[in-house]
Amino acid sequence: MNRLPVLYSFRRCPYAIRARMALRYAGVPVDIHEVALRQKPAALLTASPKGTVPVLITPQGEVIDQSLDIMRWALRQSDPDNWLGPGPSDENEPWLALNDDTFKPLLDSYKYAGRYPERTPIEHRRCALAAMIQPMEAQLQKTPWLLGPHISVADVALFPFVRQFSGVDKAWFDEQPLPALQTWLHTWLSSPLFNAVMEKTPSKDPINHDSYNPDSIKLAV
Ligand SMILES: N[C@@H](CCC(=O)N[C@@H](CS)C(=O)NCC(=O)O)C(=O)O
């Protein structure tokens with residue numbers, strides 16, 4: 001019997017990346033099943049008929065099929081740097097909603113501009129910039145992380161989407177007057193945590209905290 005939680009994942013999916021980062025940071029070992037999105041395994045669709053990844057199935061049979069819920073589940077197991085924040089009020093929520101509900105569709109319109117001909121690619125990009133990238137820059141000029149002096153769920157949850165945005169036209173992105181956001185992005189891209197979860201054949205060994213070094217992240221800011 002498989003005693004590890006199973007994570008159905010897709011390596012480049014931003015939702016799956018943030019789930020894997022939280023699981024790894026929390027030191028929760030998981031058995032990662034890389035999924036071909038065009039040919040999803042029957043076991044995944046039986047557990048979660050909506051057919052998106054990531055999906056986590058615990059050894060007790062609990063199915064968690066939203067990436068933010070997987071992050072929260074992981075952080076409830078262990079949260080050494082208090083990504084969840086100090087109190088009951090969830091200050092992460094406005095950033096999470098802005099990303100998932102507003103920015104993600106705009107990002108898709110920019111990435112796949114040919115499918116959304118009602119605007120030019122540059123107009124799509126301008127909308128995405130105004131909606132989330134510029135507000136992030138404004139916040140990160142004030143504090144090194146989105147909620148202040150410490151990393152929070154919002155930083156990790158938004159990072160893979162900002163990464164995608166930056167990658168659509170990297171030369172353009174690198175030239176923009178977004179110094180704080182560019183530093184923040186670079187910090188995540190070069191972090192051992194991100195690079196560990198992007199390994200093509202992730203180790204099945206129990207995960208330990210060597211892959212997450214908060215000092216290296218903080219020092220780089
Ligand atoms: N709200 C979901 C969204 C997950 C999602 O849309 N994942 C994409 C991959 S990045 C997916 O599985 N799409 C289904 C498909 O392409 O067939 C979450 O946060 O987990």
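Visitor: In which sense do strand β1 and strand β3 pair, parallel or antiparallel?
Guide: Happy to start there, and please keep in mind that this is a predicted model. Strands of a sheet pair through backbone hydrogen bonds, and either sense is possible. Here β1 covers residues 6–9 and β3 covers residues 55–57, with three bridges between them. Their sense is antiparallel.

Visitor: Which residue of β3 is the bridge partner of L7?
Guide: L7 falls within β1, which spans residues 6–9. Its bridge partner in β3 is L56.

Visitor: Which strands stand at the edges of the sheet, and why is one side of each left without a neighbour?
Guide: The sheet is open, has four strands with mixed pairing, and runs in the order β2-β1-β3-β4. Each edge strand has a single partner strand, so one side of it lacks a neighbour in the sheet. Those edge strands are β2 (31–34) and β4 (63–64).

Visitor: How many residues of the shell around the ligand are charged?
Guide: The ligand is surrounded by F10, C13, Y15, L37, G51, T52, V53, P54, Q66, S67 and L68. By class, this shell has seven nonpolar and four polar residues. The number of charged ones is therefore what remains in that division: no charged residues.

Visitor: Which two residues does a cis peptide bond join?
Guide: Most peptide bonds are trans, which makes a cis one worth a look. In this model one has an omega of about 5°. Its proline sits in the loop between α2 (42–47) and β3, and both partners also belong to the ligand's surroundings. The bond joins V53 and P54.

Visitor: Which residue other than glycine has a positive phi, near 60°?
Guide: A negative phi is what most residues other than glycine have. The residue you are after is found in the loop between α3 and α4. With phi near 60°, it is N82.

Visitor: How is α1 oriented relative to α3, roughly parallel or roughly antiparallel?
Guide: Two packed helices are described by the angle between their axes and the distance between the axes. For α1 (residues 14–25) and α3 (residues 67–77), the axes come within 8 Å and cross at roughly 5°. Angles under 35 degrees count as roughly parallel, so α1 and α3 are roughly parallel.

Visitor: How many nonpolar residues does the contact of α1 with α3 have?
Guide: On the α1 side the contact is made by Y15, A16, R18, A19, A22 and L23, and on the α3 side by S67, I70, M71, A74 and L75. One of these residues is polar and one is charged. The nonpolar count is nine.

Visitor: What orientation does α1 have relative to α6?
Guide: The axes of α1 and α6 (residues 153–168) come within 8 Å, crossing at roughly 140°. The crossing is right-handed, and P14, I17, R18, M21 and A22 of α1 meet V156, A157, P160, F161 and Q164 of α6. The angle makes α1, relative to α6, oblique.

Visitor: And α4 with α5: is the crossing left-handed or right-handed?
Guide: Helix α4 (residues 93–111) packs on helix α5 (residues 121–142) at about 160°, with axes 8 Å apart. That angle makes the two helices roughly antiparallel. As for the hand, α4 passes α5 in a crossing that is left-handed.

Visitor: How many polar residues are in the contact of α4 with α5?
Guide: The α4 residues include L98, N99, T102 and F103, and among their counterparts in α5 are P121, H124 and R125. The contact has 10 nonpolar residues and one charged residue. The polar count is four.

How values were computed: Residues numbered from 1 in each chain as written. Predicted model: local features only at pLDDT ≥ 70, side-chain atom pairs only at ≥ 80, totals over all residues. Pairing = 2+ DSSP bridges. Near = placed C-beta within 6 Å. Nonpolar A, V, L, I, M, F, W, Y, C, P; charged D, E, K, R; others polar. Axes fitted to C-alpha atoms, helices over the stretch in contact; angles between N-to-C directions. Parallel < 35°, antiparallel > 145°, perpendicular 65-115°, else oblique. Contact = placed C-beta atoms within 7 Å. Left-handed = near helix turned anticlockwise from the far one by under 90°.
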